[in-house]
Amino acid sequence: MWPLHILLNKLLNGACNNVHDVNLVESYNFKSTLRNEKGKKDVLIQSHFIDVPHIKQEHTWDCGLACVLMVLRTLGINHYDIEDLEAFCNTNSIWTVDLAYLLHKFSISFSYITVTLGANPKFSLESFYEKQLGDDIVRVNMLFKKSQETGINIECRSIKGDEIALLIMSGKYIIIALVDQYVLSQSWTEDLYISDFYSGPSGYTGHYIVICGYDALTDEFEIRDPASSRSQGTISSICLEKARKSFGTDEDILLIHLENPDTSNILFQ
């Protein structure tokens, strides 16, 4: 097993620069290294935060597009607004694979990690999916089928919160994550969480957020929630794990590589 300081230095020095290298952290027991024998924090780098501009979604269904727009703005791509992204997707039933194709269109380097390749038919049991799944399943499965020839690499596995923390702390990545909005809202105190879009039933509600920071001292992630009126927020690692591993998410994440070629001049007609 790699010592934490060596593994982190590999990330910082560019040794981990593709989806296969992400597996270096797959089985690493990150939290066990956070304290020494006296209970003091013993991490070389204790926190890292990426300055991601907060963008609010405009409808109940475009949270994923708002997250992609946050990524574009972070990378200095400022030519587009959320309506442009909506036109590119040509659907208001947004799945993670739609966001992957959108990122690919903008030549963004990313890794797509999920536990299910294709649309999970079991999701029809959830009221959130029951109206759209029948119409979406053929389209979504076709996007998965064509992903490899398109140049989109999809890795089928689960990723641990410890891995996410280490990747964020390297300073080389931010993450778009699919979470259960209901679980997310229940995990925050009422005065900290303000959502303009979700206040209804207590069942699964798919929602996208951006994870852009981690503090090892508090074991909290910094996030950008497009449904929130707050420009930034924090959530404990335990709560985030529960929200992103709820039935209905497939544990989908899009790991955005920040060290990209110059994309500032990308324009689409």
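## Exercises on surface, cores and a cavity

The chain's accessible surface adds up to about 12,600 Å², and 49% of that belongs to carbon and sulfur atoms. Keep in mind that this is a predicted model.

**Exercise 1.** Work out what share of the chain is buried, and which helices and strands you have to play with.

*Solution.* Start with the cut-off: a residue is buried when its relative accessible area is under 20%. With that rule, 52% of the 269 residues make the list. Next, go through the secondary structure: you'll get nine helices and eight strands. Finally, look at contacts between residues at least 6 apart in sequence: 73% of them join residues at least 24 apart.

**Exercise 2.** Find the largest nonpolar core and say which element gives the largest share of it.

*Solution.* A bit of background first: in soluble globular proteins, nonpolar side chains tend to be buried together. Here the largest such core has 46 residues, and Ile174, Ile176 and Leu254 have the most contacts inside it. Now sort by element. Among those giving two or more residues are helix 3 (82-89), helix 6 (133-150), strand 4 (173-180) and strand 8 (253-257). The largest share is from helix 2, with nine residues.

Zoom in on Ile176. Leaving out residues up to four places away in sequence, Ile176 touches Cys67, Val68, Val71, Leu99, Tyr208, Ile209, Val210, Asp252, Ile253 and Leu254. Don't stop there, though: another core of 24 residues lies apart from the big one, and its members include Ile113, Ile164, Met169 and Ile253.

**Exercise 3.** Is helix 7 mostly covered or mostly open?

*Solution.* Take residues 161-169 and check each for burial: nine of the nine are buried, so to speak a clean sweep, and helix 7 is mostly covered. The buried set includes charged residues too, namely Asp162 and Glu163, next to names such as Leu166, Leu167 and Ile168. Then step past the end of the helix, where Gly171 follows with a positive phi, near 80 degrees.

**Exercise 4.** How many cavities of 30 Å³ or more are there, and what lines the largest?

*Solution.* The idea is simple: rolling a probe the size of a water molecule over the atoms shows where empty space is left. The count comes to one cavity at that threshold. The largest cavity holds about 40 Å³ of space. Ten residues line it, and the closest to its centre are Asp225, Ser228, Arg230, Gln232 and Gly233. Sort the lining by class and you get two nonpolar, five polar and three charged residues.

Note on methods: Residues numbered from 1 in each chain as written. Predicted model: local features only at pLDDT ≥ 70, side-chain atom pairs only at ≥ 80, totals over all residues. Heavy atoms only, no water. 1 Å grid on protein atoms, 1.4 Å probe; cavity = no way out; pocket = protein on both sides within 12 Å on 5 of 7 lines; lining within 4 Å. Points joined across faces, edges and corners; volume = space filled by probe spheres on them. Core = buried A, V, L, I, M, F, W, Y, C linked by side-chain atoms within 4.5 Å. Buried < 20%, exposed > 50% of the residue type's maximum accessible area, 1.4 Å probe, protein only. Helix = DSSP H or I, 4+ residues; strand = E, 2+ residues; numbered from the N terminus. Contact = heavy atoms within 4.5 Å. Areas by Shrake-Rupley, 256 points an atom, 1.4 Å probe, with all protein chains shown as cover.
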